[in-house]
Each structure stands twice: as structure tokens, then as C-alpha cells.
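Dear colleague,

Please find below the structure that I am handing over to you. A summary of the findings follows it.

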Amino acid sequence: MSPTPSAPADEDRPDAPGLERLVLLDVRSPGEYAAGHVRGAINLPLERFMQDIAQVAPDKDAPIVLYCVSGARSGMACDAMRQLGYRQAINGGSAANVALQLQRPIERG
């Protein structure tokens with residue numbers, strides 16, 4: 001994974017068509033999530049990711065957008081999901097980027 005994220009391909013963009021069943025995963029810590037997360041996101045910290053992903057996102061065909069602060073942790077989680085057979089795991093990068101792309105507000109708490 002590159003330390004400087006490049007522009008995602010159209011199929012990797014969080015606003016790509018067909019995202020009605022979108023699952024939005026915030027892989028930051030609970031404290032980071034509470035400080036501000038994209039509306040509708042589920043907090044699944046990276047350190048619990050492998051243990052809990054099947055319960056949180058059982059549909060391996062659903063579009064799933066992951067995000068963190070910079071895209072590094074969400075990139076690792078996205079790679080893990082693809083290895084587990086998830087077909088539409090997308091690294092959205094930062095919370096701000098995902099909020100902008102999906103036109104959703106940032107919520108606190």
C-alpha cells in the first residue's frame with residue numbers, strides 16, 4: 001500500500017452507483033469514533049476487526065466502505081476483507097473524504 005493515496009478508480013469511489021445496501025465501517029478507536037464519525041457508520045476498531053467482521057457485515061456481496069483518519073488502517077482492513085471473500089470492500093480513506101463523497105454529516109458522540 002502506498003503512503004500517499006492516489007485517486008480511486010470509479011468502481012472504488014464511495015459514491016459509485018449501486019450502493020443502496022452500503023455498509024459504512026469506521027475502523028478507528030472508539031474515542032476517535034466518538035469525536036466525530038460519518039452518519040450511519042458502524043465502529044469496528046481495527047484491533048477487533050478480524051474477530052467481529054463476519055457478525056457486523058455478514059453479506060460478502062454488499063458494498064462496504066471503510067475509513068479511518070488517513071486511509072492506512074482502512075486499507076489494511078479492506079485488504080483483509082478481500083482475503084475473506086468480500087467482493088465490494090472499498091477503502092474510502094478519511095472520514096472527511098467519505099462524508100464529502102456520500103454527502104453525509106459528521107456526527108459526534
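Helices and strands are DSSP runs, of at least four residues for a helix and at least two for a strand, and they are numbered from the N terminus. With that naming, Q103 lies in the loop between α4 and β6. Please bear in mind that the model is predicted.

As regards confidence, the chain has a mean pLDDT of 87, and 82% of its residues reach 70 or more. Residues 1-15 stay under 50, and for them the model has 20 contacts beyond four places in sequence.

The interior may be described next. The largest nonpolar core consists of 15 residues, and L25, F49, I53, I64, L66 and M81 are those with the most contacts inside it. Two or more residues of this core come from each of β1 (23-26), α2 (49-56), β4 (64-68) and α3 (72-83). A second core, separate from it, has twelve residues, among them L24, V65, V98 and L102. Beyond its neighbours within four places in sequence, L25 is in contact with several residues, including I42, L44, F49, I53, V56 and I64. V65, L66 and Y67 are also among the contacts of L25.

Two helices deserve a closer description. In α2, the buried residues are F49, D52 and I53. Viewed down the axis of α2, they fall within an arc of 125 degrees and therefore line one face of the helix. This agrees with a general rule: an α-helix has 3.6 residues a turn, so residues three or four places apart point the same way. The buried residues of α2 pack against β1, β4 and α3, whereas Q51, A54 and Q55 are exposed on the face turned away from the buried side.

Helix α4 spans residues 95-102, and its buried residues are A95, V98, A99 and L102. These cover an arc of only 100 degrees around the axis, so they sit on the same side of α4. They pack against β1, β2 (37-38), β4, β5 (89-94) and β6 (106-107). A96 and L100 are exposed on the other side of α4.

Finally, I return to the residue that follows α4, namely Q103. What is the phi of Q103? The value is near 55 degrees, which is positive although the residue is not glycine. Most residues other than glycine have a negative phi. Q103 counts as exposed because its relative accessibility is 72%, and the cut-off for that term is over 50%.

Yours sincerely

Key: Residues are numbered from 1 along each chain as its sequence is written. This is a predicted model: local features need pLDDT of at least 70, side-chain atom pairs count only at pLDDT 80 or more; totals for chains, interfaces and linings use all residues. Side-chain values use heavy atoms; hydrogens and water are left out. A nonpolar core is a set of buried Ala, Val, Leu, Ile, Met, Phe, Trp, Tyr and Cys residues joined through side-chain atoms within 4.5 Å. Buried means under 20% relative accessible area, exposed over 50%, partly exposed in between (1.4 Å probe, protein chains only). Contact means heavy atoms within 4.5 Å. The arc is that of the directions from the helix axis to the C-beta atoms. pLDDT is the predictor's confidence in each residue, from 0 to 100.
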